[in-house]
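User: I would like to go through this model with you, taking its sheets, cavities and pockets in turn. Please reason through each point before you settle on an answer.

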Amino acid sequence: MSPAESITVLHSLAPPDGTTRYVDQMTDGAPDDVHVTYFSWRRALTGRYDVLHLHWPEFLLRGRTRRQRLRRRLAMRGTLLRARLTRTPIVRTAHNIAPHEDGSHAEMQLLRAVDRATTSWIRLNEATPLADGAHGTTILHGHYRDRFAAHPRRKRVDGRVLYFGIIRPRKNVEQLIDVFTRRDRPGSHLRIVGSPTPELAERITARVDGRDDVSARLAFVDDDELVAEVSAATLVVLPYAEMHNSGAALVALSLDRPVLVPRSDANTALAAEVGPGWVRQFDGALDEDDLTTALAAAAEIDPAARPRLEGRDWDEVGRRHRDVYREAMARARGGR
C-alpha cells in the first residue's frame, strides 16, 4: 500500500468518555493517516475497516446471560471468518499473559481460535511471552504526563500511602489495609480510592470505619480528583497478587510518585528504565517490613525529581502502532 494511504482501524474498545483510559492512547496518539473507530458487533461484522485491533478479547465474549454469551461467541466466529475471507489483519495487544478471571471451556476454545487468527502481536514490555512463531513487536505503554498537565496537583503529604484503581479480590486491597494497620505508624495515613464490588465495599468499609489513619473514597473518580489524590501521596502501593502490565503504575510515575509493586520481570525492567528509587518490589505477599521500608525510601525522594519516561510519549506510541498496522496489512495480503 502507498505510505500516504490512510488506514481505518477498528479497536475493540469503547469510545473515550472524558476520563483517562487506554483508549485515549489509541485515539490521541494516532497519526493523521490512521482513522480510529470503536467497537460494536455490527461494525465488526459489516463495517468498513482495514485492521481489527483486539484488546482483552475475553471481555467481548462475556455476558450476564447464557444467551448473551452464545450470541457473542457466534459474532466472534463470524468476525474471524470475515477477517479470513477479506484478508483483514487482526492485530492483538497482549495486555496480560492470561485473562485475570477464568472463563468457560467454550470461551477458552474461542480465545485460542482468536490467537491462531492473529496476524501481529503488540506487547507492552519485552517480558511478555509469545507463542512460538508468533509475529510480535514491543511498544511501551504510553505515559500520562501530557494528559494530566492541565489538572492541578496537590503538595505531597508526608507519610501518605495511596492505593487507587479498580478494587477486585486479586488486587489485595484488604490485605494492604491489614498490613498498614498491623503496626503503629505515627504520622502516616492510608488512602484507598477506587470502585469495588459491593461485597468488597462492605468489607473495606468495616475495616476503615472508626480509624483516623485510614480513609476510603470507594468510587470511580474523574481525572481532576485522580491527579489530586495521586499527587498528594508519598507512596503509591499496588499490592496485586500478580502484575504484568499496569496502567496504574504508569499513572503514578507520570505524576512523579514512586510505587511499591509485586516483583515480576516486567516490573524489574520498569525499575531499571525509570531510575533508582521509583519502583520498589516486594516478594510473595506484601508485609509490614515491605511497606515500612518503601515508605521511608519514598520520603527521601526530592519532591522536584522525576522518573525517566522517555520513549513513552503518545505520538511515538501512535507512530509505532501505524507501522505495525501497515506491516500486518502487507502480511495478510501476502498470505502471511
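The questions and answers below concern a predicted model.

User: In what order do the six strands of the open sheet lie?

Analyst: The model is a predicted one, and in it six strands form an open sheet whose pairing is parallel. Strand E9 (214–217) and strand E12 (279–282) are its edge strands, each pairing on one side only. Neighbouring strands are turned against each other by 25° on average, with direction ignored. Read from one edge to the other, the order is E9-E8-E7-E10-E11-E12.

User: Which residue is the bridge partner of Val161 in E10?

Analyst: Strand E7, residues 160–164, and strand E10, residues 235–237, pair in the parallel sense over two bridges. Within that pairing, the partner of Val161 in E10 is Leu235.

User: At about what angle to E7 does the direction of helix H10 run?

Analyst: Helix H10, made up of residues 247–254, packs on the sheet and touches E7, E10, strand E11 (259–262) and E12. Another helix, H11 (residues 265–274), lies across E11 and E12 and runs at about 155° to E12. For H10, the angle made with the direction of E7 is about 140°.

User: Are the residues on the two faces of strand E5 buried or exposed?

Analyst: In a regular strand, side chains alternate between the two faces of the sheet. In strand E5 (residues 120–123), Ser120 and Ile122 lie on one side, while Trp121 and Arg123 lie on the other. Both faces are covered, and these four residues are all buried.

User: Which residue in E6 stands opposite Arg123?

Analyst: Strand E5 runs parallel to E4, to which four bridges join it, and in that pairing Trp121 is the bridge partner of Arg92. E5 also pairs in the parallel sense with strand E6 (residues 136–138), here over three bridges. The E6 residue that stands opposite Arg123 is Thr138.

User: Which element supplies the largest share of the lining of the largest cavity?

Analyst: The structure holds two cavities of 30 Å³ or more, and the largest has a volume of about 70 Å³. Its lining includes His11, Met26, Val36, Arg322 and Tyr325, and by class it has six nonpolar, five polar and one charged residues. Helix H1 (22–28), strand E2 (34–38) and helix H13 (314–333) each supply at least two of the lining residues. The largest share, four residues, comes from H13.

User: How many charged residues does the lining of the second largest cavity have?

Analyst: The second largest cavity has a volume of about 30 Å³. Among the residues that line it are Arg156, Asp256, Arg257 and Asp302, together with others such as Trp278 and Ile301. By class, the lining has six nonpolar residues and one polar residue, and the number of charged residues is four.

User: Which helix gives the largest share of the lining of the largest pocket?

Analyst: The largest pocket holds about 1400 Å³ of space, and of the 41 residues that line it, Arg21, Tyr22, Trp56, Ile166 and Lys171 lie nearest its centre. The lining divides into 20 nonpolar, 13 polar and eight charged residues. At least two lining residues come from each of H1, helix H9 (223–232) and H10. The largest share, three residues, comes from H10.

User: Which helix gives the most to the lining of the second largest pocket?

Analyst: The second largest pocket has a volume of about 570 Å³, and of its 29 lining residues the closest to its centre are Arg92, Ala94, Ile97, Asp115 and Trp121. By class, this lining has 13 nonpolar, eight polar and eight charged residues. Helix H3 (57–61), strand E4 (90–94) and helix H5 (105–117) each supply at least two of them. The most, five residues, comes from H5.

User: Why does Pro198 count as exposed?

Analyst: Pro198 is found in helix H8, which covers residues 198–208. Its C-alpha lies 20 Å from that of Gly210, a residue 12 positions away in sequence. A residue counts as exposed when its relative accessible area is over 50%. Pro198 therefore counts as exposed, because its relative accessibility is 61%.

Methods. Residues are numbered from 1 along each chain as its sequence is written. This is a predicted model: local features need pLDDT of at least 70, side-chain atom pairs count only at pLDDT 80 or more; totals for chains, interfaces and linings use all residues. Side-chain values use heavy atoms; hydrogens and water are left out. On a 1 Å grid over the protein atoms alone, a cavity is a set of points where a 1.4 Å probe fits but cannot get out, and a pocket is an open set with protein on both sides within 12 Å along at least five of seven lines; lining residues have an atom within 4 Å of a point. Grid points are joined across faces, edges and corners, and a volume is the space filled by probe spheres set on the points. Ala, Val, Leu, Ile, Met, Phe, Trp, Tyr, Cys and Pro count as nonpolar, Asp, Glu, Lys and Arg as charged, and the others, Gly among them, as polar. Two strands pair if DSSP finds at least two bridges between them. Axes are lines fitted to C-alpha atoms, for helices over the stretch in contact, and angles run from 0 to 180 degrees between N-to-C directions. Contact means heavy atoms within 4.5 Å. Buried means under 20% relative accessible area, exposed over 50%, partly exposed in between (1.4 Å probe, protein chains only).
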